[in-house]
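Subject: Structure handover

Hello,

Here is the structure I promised to pass on. Please open it before you read the notes below.

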Amino acid sequence: MTDILQNDRVRATIDPSRGARLTSLVIDGLEVLAHAEDPTVDPAIADGCFPMVPWAGRVRGGRLATPAGVRQLPLADDGNALHGLGHVEAWESAGDGVYRLRIGEPWPTSGTAQLSYRLLDDGLRIELSWDDGTTSPCSIGLHPWFARTLTTGGPVVLSFDPEQMVERGTDGLPTGRLVRPEPEPWDDCFRVAGSPVLTWPGAIQLTLTSDSPWWVVYSEPESTICVEPQTVPPDAFDHNGLQPAGEWPHDIWFELRAAGATAS
């Protein structure tokens with residue numbers, strides 16, 4: 001059973017049983033979310049906008065080093081741990097667009113993830129937090145799949161200002177180095193100045209804002225594009241150069257705000 005939040009311009013549909021993910025986001029009558037076209041993508045990570053908690057992106061070999069030893073996390077088909085534990089679980093509704101999930105093993109600490117959705121006049125605000133009572137390393141984020149084409153207007157155009165890109169090795173995982181951004185196609189993490197903007201010419205413009213500068217952009221698919229805010233880059237646990245200077249953030253917010261129809 002899904003939950004619906006709506007106002008005059010925005011309709012958001014949430015499925016608590018599927019990671020409390022956003023399964024639909026309609027703004028000004030236009031559905032902006034989509035489903036991965038590639039049938040090989042795991043259905044658990046193939047649609048909507050889902051939470052990544054208590055880690056976001058990949059962890060090499062699923063091996064997480066802790067003071068008590070190495071923890072083995074569940075592996076995806078590529079042999080790495082992927083996108084956390086929360087997106088495959090049923091979350092408990094706390095009302096008013098708030099959802100909670102207790103998470104423990106195989107993560108080294110136990111705690112509560114909280115995900116909240118709040119309608120804005122022109123969009124939606126999503127907040128995700130992880131509270132395990134410690135300052136232990138974690139990595140959390142949101143993973144939206146956006147449609148490249150809507151029911152009207154032209155194909156989407158992404159505008160953003162990447163300052164640095166996380167270098168990937170031949171295995172597709174971070175090397176720990178930050179380099180100058182390279183041209184598309186991307187399945188990469190960037191440190192971004194300002195807010196990415198998605199424009200569907202003749203339809204709608206969506207400004208994406210977060211309190212984190214780290215964004216993963218997945219632009220390889222033909223029918224979808226993912227623009228994902230994360231507290232730290234993927235696999236930061238293994239790379240000092242990708243880790244925060246202070247404490248590891250345990251919360252993140254993400255706003256999607258529409259400017260209305262754009263020129264074609």
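Is Gly19 buried or exposed? Gly19 has a relative accessibility of 0%, so Gly19 counts as buried. One caution before the rest: this is a predicted model.

Some more on Gly19. Its place is the loop between strand E2 (10–15) and strand E3 (21–27). Neighbours within four places in sequence aside, Gly19 contacts Pro51, Gly86, His87, Glu89, Trp91 and Leu115. Arg257 sits 238 residues away from Gly19 along the chain, and their C-alpha atoms are 23 Å apart.

Now the whole chain.

The secondary structure is quickly told: 21 strands and zero helices. The C-alpha trace spans about 55 × 45 × 35 Å along its principal axes. The radius of gyration is 18 Å; a compact globule of 264 residues would have a value near 18 Å, so the two agree.

Buried residues account for 52% of the 264 residues. Take the contacts with a separation of 6 or more: 61% of them join residues 24 or more positions apart. The exposed area of the chain is about 11700 Å². Carbon and sulfur atoms supply 47% of that area.

Charges next. The chain has 18 positive and 37 negative charges. The mean positions of the two sets lie 2 Å apart.

Then the aromatic rings. The whole structure holds nine aromatic pairs. One of them joins Phe160 and Phe190, with 5.4 Å from centre to centre and 85° between the planes. That pair is edge-to-face. It links distant parts of the chain: Phe160 belongs to strand E15 (residues 157–168) and Phe190 to strand E17 (residues 187–200), 30 residues apart.

Why does Phe190 count as buried? The reason is its relative accessibility of 0%, given that buried means under 20%. Phe190 also pairs with Trp186: the ring centres are 5.3 Å apart and the planes are at 75°, so this pair is edge-to-face. Trp186 is buried, and so is Phe190.

Which residues do ring pairs link into a cluster? They are Trp55, Trp107, Phe237 and Trp248.

Two of these names come back with Ser139. Ser139 touches Trp55 and Phe237. Its other contacts are Met52, Pro54, Ala56, Thr231 and Val232, not counting residues up to four places away in sequence. Ser139 lies in the loop between strand E13 (123–131) and strand E14 (141–147). With a relative accessibility of 1%, Ser139 counts as buried.

What about Pro39, buried or exposed? Pro39 is exposed, because its relative accessible area is 76% and the cut-off for exposed is over 50%. Pro39 lies in a loop too, between strand E4 (30–31) and strand E5 (49–52). Trp91, a contact of Gly19, is 52 residues from Pro39 along the chain. The C-alpha atoms of Pro39 and Trp91 are separated by 26 Å.

To sort the three loop residues: Gly19 is buried, Ser139 is buried, and Pro39 is exposed.

Best wishes

How values were computed. Residues numbered from 1 in each chain as written. Predicted model: local features only at pLDDT ≥ 70, side-chain atom pairs only at ≥ 80, totals over all residues. Heavy atoms only, no water. Helix = DSSP H or I, 4+ residues; strand = E, 2+ residues; numbered from the N terminus. Rg over C-alpha atoms; globule rule 2.2 N^0.38 Å. Buried < 20%, exposed > 50% of the residue type's maximum accessible area, 1.4 Å probe, protein only. Contact = heavy atoms within 4.5 Å. Areas by Shrake-Rupley, 256 points an atom, 1.4 Å probe, with all protein chains shown as cover. Lys, Arg positive; Asp, Glu negative; His and termini not counted. Charge placed at Lys NZ, Arg CZ, Asp CG, Glu CD. Phe/Tyr/Trp six-rings, centres within 6.5 Å; stacked < 30°, edge-to-face > 60°.
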